[in-house]
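Got your viewer open? Let's take a short walk through this protein, one selection at a time.

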Amino acid sequence: MPTELYTTNESIKNHHYELFAPAPQSVFVRVQNHLQKILVEEIRWIHADGNYCYIHLDQKRFALKTSLKRLVKKLPKGHFVRIHKSYVVRLKNVEKIDVQTNELSVGSTTLPIGRTFRSDLMDQINIL
């Protein structure tokens, strides 16, 4: 469970407080009869297919019966970006973006970039 930290916004005597919750560093997925811990930094991309989402790690893949929209809400903000109606990618794993074919590379895997999601992706990467 995330730790809640309170810090003053202006000063203690004004009693203005902000709530900060650190981003989760891990999530749990159900695998048969147990819950398996996955570190968020190990997630490379997520693929939705019908009623299932597939979380792809380096060497493993986990299947979840949930929508992509619901899964994205549980992931830390700013670490992942939706690139297509069926794909979410961890920004740190993006190695190459082909702007001509609207595809990006995560390791040896090429993923499509949807037209409606392209501007969100471009806003979140650092272009020189």
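Before you click on anything, colour the whole surface. The accessible surface of the protein comes to about 9400 Å², and 48% of that belongs to carbon and sulfur atoms. Keep in mind that you're looking at a predicted model.

Now switch to the cartoon view. You should find two helices and twelve strands. Trace the chain from the N terminus and the elements go β-β-β-β-β-β-β-α-β-β-β-β-β-α. Of the 128 residues in the protein, 32% are buried. And if you take contacts between residues at least 6 apart in sequence, 32% of them join residues at least 24 apart.

**Stop 1: helix H1**

Select residues 68-73, which form helix H1. Start with Lys69, which sits in this helix. Is Lys69 buried or exposed? Its relative accessible area is 58%, so Lys69 counts as exposed, the cut-off being over 50%.

Next, show the side chains of Lys69, Arg70, Lys73, Lys74 and Lys77 together. What do these residues form on the surface? They gather in a patch of positive charge. Try colouring by charge to pick that patch out.

Stay in helix H1 and click on Val72, which is found there too. Val72 has a relative accessibility of 29%, so it counts as partly exposed: that class lies between the 20% and 50% limits. Now add Arg82 to your selection and draw a distance between the two C-alpha atoms. Val72 and Arg82 are ten residues apart along the chain, and their C-alpha atoms are separated by 8.5 Å.

**Stop 2: a loop with a twist in its backbone angles**

Jump to Gln32. Where is it? Gln32 has its place in the loop between strand S3 (26-31) and strand S4 (34-39). Check its backbone angles: Gln32 has a positive phi of about 55°, although it is not a glycine. Turn on the surface again, and look at how Gln32 is covered. At 71% relative accessibility, Gln32 is exposed.

**Stop 3: another loop, another positive phi**

Finally, select Asn102. This residue lies in the loop between strand S10 (96-98) and strand S11 (103-106). What is the phi of Asn102 near? The value is near 55°, which is positive in a residue other than glycine. As for the surface, Asn102 has 21% relative accessibility, so it counts as partly exposed, because buried would need a value under 20%.

Definitions and conventions:
Residues numbered from 1 in each chain as written. Predicted model: local features only at pLDDT ≥ 70, side-chain atom pairs only at ≥ 80, totals over all residues. Heavy atoms only, no water. Patch = residues over 30% accessible without salt bridge, like charges linked within 9 Å, V, L, I, M, F, W, Y side chains within 5 Å. Areas by Shrake-Rupley, 256 points an atom, 1.4 Å probe, with all protein chains shown as cover. Salt bridge = Lys/Arg side-chain N within 4 Å of Asp/Glu carboxyl O. Lys, Arg positive; Asp, Glu negative; His and termini not counted. Charge placed at Lys NZ, Arg CZ, Asp CG, Glu CD. Helix = DSSP H or I, 4+ residues; strand = E, 2+ residues; numbered from the N terminus. Buried < 20%, exposed > 50% of the residue type's maximum accessible area, 1.4 Å probe, protein only. Contact = heavy atoms within 4.5 Å.
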